[in-house]
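Me: I am new to this structure and would like to learn how to read it. Could you take me through it feature by feature?

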Amino acid sequence: MTQTITPELKRWIVQQARAGCAPQDVLAAMRQAGWTEGVALRAMEEALEEHVGMLPARALSEVPTRPRIDLSGSPRALDLGDRTVRVLLTLQRPRLVVLADVLSAQECDALMEAAAPRLKRSRTVQTATGGEELNPDRTSDGMFFRRGETPLIQRIEARLSRLVQWPVEHGEGLQVLRYVPGAQYKPHYDYFDPAAPGTARILQRGGQRVATIVIYLNDPEGGGGTTFPDVGLEVYPQRGHAVFFAYDHPDPGTQTLHGGAPVLRGEKWVATKWLRERPFQP
Ligand SMILES: O=C(O)CCC(=O)C(=O)O
Ligand SMILES: [Fe+2]
């Protein structure tokens, strides 16, 4: 059965929020009333977004509680201190922004060069056990830089932190991936499945993942787009560009299912930054 988000439902959600009801209590009440979690979360997001949109600008200047790119005033470019990035596209659901000029060509080259000797077949964090495993759905080679490992990494981390208004300490180490022709990363969520037995252990090191930044380091000749199947979106890799997407809750309702499509010609290199709720202990 499809459930429809009605104006009455949204009004009710706003009333609860104004009465000081905690979001998890509103969610629990909706679930009890028969709403599925994904729809309930989407209704809450939509209702509160619309409501906040009607408040005076002053009310929006509170400290962000999630990584976000401030696009108030629809800026075409964002000054990040040492670099100006351009805003190409934004989507509300999934919450997503495509950017250009996040890294210079020289920075992309330097990252690939530093990563190359350390690449190994990618492993995936297994929520079943909390350990790491080879994953047939993910046929890239990868490596992690330690946070702050080199001056280049420090510079990139500071820039990304300013971009998404989220502390450097909440980030995992920058990961570099290389895909050769045929390699791909099948559609997945970056957050850890709350229902899986190994997740509790993973969450001890900084809580959930709440947002992802994928930066393209080169121009693959064909294929290799980052796909978002729920909304039929594909971001084509271009050197120095990036896609940011955020998921406030570890739930498919965020529509952040995404994958790296198979590379058809040439290689594809990306750098991924995953952001956690809390400081991440490497
Ligand atoms: O390679 C891509 O386009 C996506 C990478 C990705 O999903 C990830 O690193 O989590
Ligand atoms: Fe991912």
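Reply: Gladly! Let us start with pairing: two strands pair if DSSP finds at least two bridges between them. One thing to keep in mind is that this is a predicted model. Here, a hairpin joins strand 2 to strand 3 through 3 residues, and these two strands pair in the antiparallel sense over 5 bridges. One bridge partner to look up is Val97 in strand 3, which is matched with Thr90.

Me: Which strands form a hairpin with 4 residues between them?

Reply: The general idea is that strands of a sheet pair through backbone hydrogen bonds, either parallel or antiparallel. In this case, strand 1 and strand 2 form that hairpin, and Gly81 in its turn has a positive phi of about 90°. Strand 1 covers residues 77-79 and strand 2 covers residues 84-91; they pair in the antiparallel sense over 3 bridges. Asp79 has Thr84 of strand 2 as its bridge partner.

Me: What is the order of the strands in the open sheet of 4 strands?

Reply: The order is 9-15-12-13, with antiparallel pairing. At the edges are strand 9 (185-188) and strand 13 (233-235), each of which pairs on one side only. Neighbouring strands of this sheet are turned by 15° against each other on average, direction ignored. Strand 12 (residues 226-228) is joined to strand 13 by 3 bridges, and Phe228 has Leu233 in strand 13 as its bridge partner.

Me: Now the interior. Which residues touch the most other members of the largest nonpolar core?

Reply: In soluble globular proteins, nonpolar side chains tend to be buried together. The largest nonpolar core here has 45 residues, and Val164, Ile215, Ala242 and Phe244 touch the most other members. Elements giving two or more residues to this core include helix 4 (105-115), helix 5 (151-164) and strand 14 (242-246). Strand 10 provides the largest share, 6 residues. Another core, of 9 residues, lies apart from this one and has Val26, Met30, Ala40 and Met44 among its members. To explore one residue, try Ala242: leaving aside neighbours within four places in sequence, its contacts include Leu99, Val102 and Ile213.

Me: And which residues surround ligand 1?

Reply: A shell like this can be read by residue and by element. Ligand 1 is surrounded by Leu177, Tyr185, Asp190, Thr212, Val214, Thr226, His258, Gly260, Val270 and Thr272. By type, the shell divides into 4 nonpolar, 5 polar and 1 charged. Strand 10 (209-216), strand 15 (258-260) and strand 17 (268-276) each supply at least two of the shell's residues.

Notes. Residues numbered from 1 in each chain as written. Chains lettered and ligands numbered in written order. Predicted model: local features only at pLDDT ≥ 70, side-chain atom pairs only at ≥ 80, totals over all residues. Near = placed C-beta within 6 Å. Nonpolar A, V, L, I, M, F, W, Y, C, P; charged D, E, K, R; others polar. Core = buried A, V, L, I, M, F, W, Y, C linked by C-beta atoms within 7 Å. Buried ≥ 20, exposed ≤ 12 C-beta atoms within 10 Å, placed from the backbone. Contact = placed C-beta atoms within 7 Å. Axes fitted to C-alpha atoms, helices over the stretch in contact; angles between N-to-C directions.
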